[in-house]
Amino acid sequence: MQGKEVVDNITMKRALTRITYEIIERNRGVQDIVLIGIKTRGIYIAQRIAERLKQLEQIEVPVGELDITLYRDDQKEAAQLEPELHSSDIPFSLEGKEVVLVDDVLFTGRTIRAAMDAIMDFGRPTKISLAVLVDRGHRELPIRADYVGKNVPTSMTEEIIVEMEELDGQDRILITKGKE
C-alpha cells in the first residue's frame, strides 16, 4: 500500500496501551465492561485491548464481533448491490454491561450510528462508549470518541489506511491521496 506512514507499529502499540489505561481509569476497573469490535479491524483492536486489560487487571473482558452491514444507511442507496454479510458474534448478555464499541477509524460517524443500532438489537447496555484507533475528523453526525489513539486531521480527498498484523502482516497507519 502506497502512502505516507503516520503511525508505525511501536506508536500503534503505545496508542492501544493508552486507550487501555483510559478505559480502566474512567470505569474504575473493568468488572462490567465488554468490548465489541466493529468488523473487520475493530475486532482485532478490541482483542488487543482485552489482552492488555487481562495483563493489567487480571480480568478477562469479553470481546464480541459486530457486523453492521445491514444497518448502514448508505446500503439503501446501493440497493442494487448485494451487501457482503458477515455474522455478528456477541456470545454474552449486554444487559447491565458497559459496552466499549471499538473501531479503527472514526470519520463521518455513520458507521458508529449503525453500530449503536445493531447493538440495541442484542440488548440494552447500561452505557456505550467509543474507542477508535484514529479520529480523522469530518463528522456528519454528533458522535465523538471517548478513547482516541491518534488524531490525524485529513482533507476530504485523503484516506486513512490502517494495516494490522493479523490481516496485513504489519501494524501501521498510512495517509493516502484518495479519489478527487
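1. A good place to begin is T69, whose side chain makes a polar contact with the side chain of D67 at 2.6 Å. A polar contact here is a pair of N or O atoms within 3.5 Å; within protein, one must be able to donate a hydrogen and the other to accept it, and residues adjacent in sequence count only if both atoms are side-chain atoms. T69 sits in the loop between β3 and β4 (98–106), and at 11% relative accessibility it counts as buried. Buried means under 20% relative accessible area, exposed over 50%, and partly exposed in between (1.4 Å probe, protein chains only). From T69 to I90 there are 21 residues in sequence and 16 Å in space, C-alpha to C-alpha.

2. A word on the model before going on. This is a predicted model, in which local features need pLDDT of at least 70 and side-chain atom pairs count only at pLDDT 80 or more, while totals for chains, interfaces and linings use all residues. Residues are numbered from 1 along each chain as its sequence is written, and side-chain values use heavy atoms, with hydrogens and water left out.

3. Now the overall layout. The chain has four helices and eight strands, and along the sequence they follow the pattern β-α-β-α-β-β-α-β-β-β-α-β. The radius of gyration is 16 Å, close to the 16 Å that the globule rule gives for 180 residues, so the chain is as compact as a globular protein of that length. That radius is taken over C-alpha atoms, and the globule rule is 2.2 Å times the number of residues to the power 0.38. Helices (H or I, at least four residues) and strands (E, at least two) are DSSP runs, numbered from the N terminus.

4. Some totals help to picture the chain. Its C-alpha trace spans about 45 × 40 × 30 Å along the principal axes, and 44% of the 180 residues count as buried. Among contacts between residues at least 6 apart in sequence, 69% join residues at least 24 apart; a contact means heavy atoms within 4.5 Å. The chain exposes about 9,800 Å², of which carbon and sulfur atoms supply 46%. Accessible areas come from the Shrake-Rupley method with a 1.4 Å probe, and for residues only the protein chains shown count as cover.

5. Helix α1 deserves a close look. With 19 residues (9–27), α1 reaches 27 Å from its first C-alpha to its last, close to the 27 Å expected at 1.5 Å a residue. That expected span is 1.5 Å times one less than the number of residues. At the N-terminal end, D8 caps α1, with a side-chain oxygen 3.3 Å from the backbone nitrogen of I10. The buried residues of α1 include M12, L16, I19, I23 and I24, and E22 is also among them.

6. That same E22 forms a salt bridge with R26, the closest N and O atoms being 3.7 Å apart. A salt bridge is a side-chain nitrogen of Lys or Arg within 4 Å of a carboxyl oxygen of Asp or Glu. Because R26 and E22 are four residues apart in helix α1, about one helical turn separates them. R26 is partly exposed, at 45% relative accessibility.

7. The whole structure holds twelve salt bridges, and two others are worth visiting. K39 pairs with E65, the closest N and O atoms being 3.7 Å apart. This pair links distant parts of the chain, with K39 in the loop between β2 (33–38) and α2 (41–57) and E65 in strand β3 (residues 63–66), 26 residues apart. Both partners count as partly exposed, K39 with a relative accessible area of 23% and E65 at 24%. The side chains of E163 and R172 meet at 2.7 Å, N to O, and both residues are buried. Salt bridges that share partners join E5, E163 and R172 into one network.

8. Finally, please check the backbone in three places. Most residues other than glycine have a negative phi, and most peptide bonds are trans. A cis peptide bond joins K39 and T40, with omega about 10°; T40 lies in the loop between β2 and α2. Just after α1, R28 takes a positive phi of about 50°, and R28 is exposed, with a relative accessible area of 75%. H138 has a positive phi near 70°; it lies in the loop between β5 (127–135) and β6 (147–151) and is partly exposed, with a relative accessible area of 29%.
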